[in-house]
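Work through the exercises below with the sequence and the model open. Each task is followed by a stepwise solution.

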Amino acid sequence: MANLLLPVLTTIAERARANFVKKTRRTSAVQEQLLKELLQTHKDTELGRKYGLRDIKTIEQFQQQIPILPYSSYEPYTERIAQGEKNILTPDPVVYLNTTSGSTGNQKLIPVTQRFQNSLGWANLTCIGFLGEALRSQNRKFGKLLVTNTAQITGRTSGGIEYGPGGTGVLRMGKFLYEQLFAHPYETLQAADSITRHYLCFLFALRDRSMRGIGANFPMLILRICNYLERYAEDLIRDIETGTIASWLTLEPELRAKLERQWSANPGRAAQLREILKSEGRLTPKLAWPELSFTATARGGTSDFYFERFPSYFDDIPSFGAVFASAEGTFSIYHDLNNDGSILAIEAGFFEFIPQDQWEVEHPKTLLATEVKAGELYRILMTNYSGFYRYDIGDVVEVLGFYEQVPLIVFRHRRGGILSSTTEKTTEFHATQVMQSLQQEFSLPLEDFCITLSENEFPAHYLVNIELVDGHNLSDRLAFLASFDRKLKETNVYYQSKRKDQVPPPRLRILAPGSFAKVRQRQVERGIPDSQLKFPHISEDRNFLAGLEVEQEVRLPEDRD
């Protein structure tokens with residue numbers, strides 16, 4: 001049944017793409033109409049009455065009457081929603097509460113209604129339409145994919161509303177749709193244990209050598225998929241050969257029984273995989289699924305650093321950004337392969353942009369989607385069916401150009417996510433550009449990195465904390481550090497200026513193998529879902545990497561006593 005439905009799904013996705021493209025040619029009208037619909041929908045809610053949404057007739061009135069607010073202003077309302085109160089932010093029933101990852105602060109609760117979910121669903125279908133078109137242009141095919149996100153909710157509020165990661169809500173509410181897309185049964189995503197869930201997804205997906213795609217929220221998680229596939233290759237092949245499901249998996253008995261009913265031996269496929277493992281010495285996605293056409297994961301931000309390691313697992317398989325989204329909503333839709341630019345999702349929300357010269361102004365002037373300029377950085381504001389208005393998520397985006405009348409945007413960094421020894425304001429984007437370039441210059445894959453500041457010193461030294469990929473060595477560590485210093489000067493003009501006489505020289509720290517795995521485990525223990533794992537690559541928190549073993553600290557000649 002699923003194989004018959006996949007072509008139907010791709011046809012619907014193509015129509016969604018075509019309709020969206022038409023609307024990009026009249027962006028102002030589409031955005032204005034959406035805003036009117038949002039105001040009409042929410043006018044009689046508690047917050048709608050407070051701000052007089054009923055009386056707002058124009059975009060200008062909307063901007064004058066509604067202040068730009070952070071999440072803290074909505075928190076009292078979302079807490080009441082969680083307790084079961086109705087008609088607070090939305091007139092529709094709240095069926096789920098998206099939780100943010102909490103990686104940059106406390107977790108937030110975002111109300112999800114069916115109408116809100118439908119707006120996200122159409123954006124997802126549109127991106128599938130764009131992906132299909134882009135793959136055809138390269139003589140590649142769209143098809144089933146591997147995804148390892150959890151389908152388990154985090155819990156229920158006192159008001160009985162389910163809550164958890166946004167991706168979990170999307171999976172649960174769109175279960176029928178995603179069953180057609182996945183190369184493994186939906187039930188594989190119900191395993192609570194992360195390694196078990198990955199293993200089960202691999203097990204079922206490996207039966208079909210013609211699987212087309214692999215998806216995860218972030219490139220770091222794609223690399224984790226590759227790592228797990230290599231690590232458990234022998235066990236997976238044994239289970240495929242014998243028709244068993246490994247006894248060592250942490251798997252609930254009912255779920256195990258359900259999956260065993262769907263599982264059977266495939267000795268022929270096991271023999272193929274064992275031959276690959278024997279001849280190549282490893283099992284990578286490209287080797288296991290020779291018809292693989294794409295990876296789908298976040299682009300922009302720190303992604304390029306991780307993409308440097310993709311060729312060793314995927315060769316020339318292209319990457320697709322899918323959608324730029326968060327728990328609060330969908331911001332943009334990707335339209336091409338290996339491309340950072342994504343089209344503002346003009347049907348998913350009403351958007352405004354705060355130019356850089358207004359970031360520190362109490363009541364900043366904003367620009368509309370058609371008023372932004374290519375090459376400029378903006379803070380992005382969203383109004384959508386969650387019941388949030390002119391909401392400042394804290395993301396900084398760059399406008400790369402335009403698709404018809406719609407801006408092409410890419411996420412650069414979180415506002416406030418800066419590192420300063422004095423006042424040089426190094427961003428995560430600066431750091432990622434430098435570390436990506438260093439990997440290329442030294443032909444050195446890094447497991448990960450994080451730049452912190454030295455303790456009890458002012459001005460503080462930059463500490464460049466890196467972990468080498470297993471089996472690789474950095475022979476000229478001093479040259480690596482000197483190149484870091486030089487490249488950061490080229491990337492951040494303020495660092496270049498302050499480095500002359502204010503910012504002391506950086507120091508390189510080689511961390512022991514497994515260090516960043518410990519950092520991620522700490523995040524999981526703090527309650528961050530494993531499918532949302534990410535961490536800052538710059539941090540002024542001196543305790544962020546506390547307790548990790550430093551194998552060597554390297555200093556420049558000017559920094560030696």
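**Exercise 1. Place Asn-227: which helix holds this residue, and is the residue buried or exposed, or in between?**

Step 1. Asn-227 belongs to helix 10, residues 219-231. Helices (H or I, at least four residues) and strands (E, at least two) are DSSP runs, numbered from the N terminus.

Step 2. The relative accessible area of Asn-227 is 34%, so Asn-227 is partly exposed. Buried means under 20% relative accessible area, exposed over 50%, partly exposed in between (1.4 Å probe, protein chains only).

Step 3. Leu-283 is 56 residues away from Asn-227 along the chain, and their C-alpha atoms are separated by 9.5 Å.

Note the basis of these values. The model is predicted: local features need pLDDT of at least 70, side-chain atom pairs count only at pLDDT 80 or more, and totals for chains, interfaces and linings use all residues. Residues are numbered from 1 along each chain as its sequence is written, and side-chain values use heavy atoms, with hydrogens and water left out.

**Exercise 2. Find the salt-bridge partner of Arg-282 and locate both residues.**

Step 1. The partner is Glu-230, at 3.2 Å, N to O. A salt bridge is a side-chain nitrogen of Lys or Arg within 4 Å of a carboxyl oxygen of Asp or Glu.

Step 2. Glu-230 is in helix 10, and Arg-282 is in the loop between helix 13 (267-280) and helix 14, so the pair ties together parts 52 residues apart in sequence.

Step 3. Arg-282 is partly exposed at 26%. Glu-230 is partly exposed at 29%.

**Exercise 3. Describe the salt bridge between Asp-395 and Arg-414.**

Step 1. The N to O distance is 2.8 Å.

Step 2. The pair links distant parts of the chain, 19 residues apart: Asp-395 lies in strand 15 (residues 391-403) and Arg-414 in strand 16 (residues 406-414).

Step 3. Asp-395 is buried at 6% relative accessibility. Arg-414 is partly exposed at 25%.

Step 4. Widen the search. The whole structure has 35 salt bridges.

**Exercise 4. How are the rings of Phe-305 and Tyr-306 arranged?**

Step 1. Count first: there are 24 aromatic pairs in the structure. Rings of Phe, Tyr and Trp (its six-membered ring) pair if their centres lie within 6.5 Å; planes under 30 degrees apart count as stacked, over 60 as edge-to-face and the rest as tilted.

Step 2. Phe-305 and Tyr-306 pair edge-to-face, with 5.1 Å centre to centre and 80 degrees between the planes.

Step 3. Phe-305 is buried at 1%. Tyr-306 is buried at 5%.
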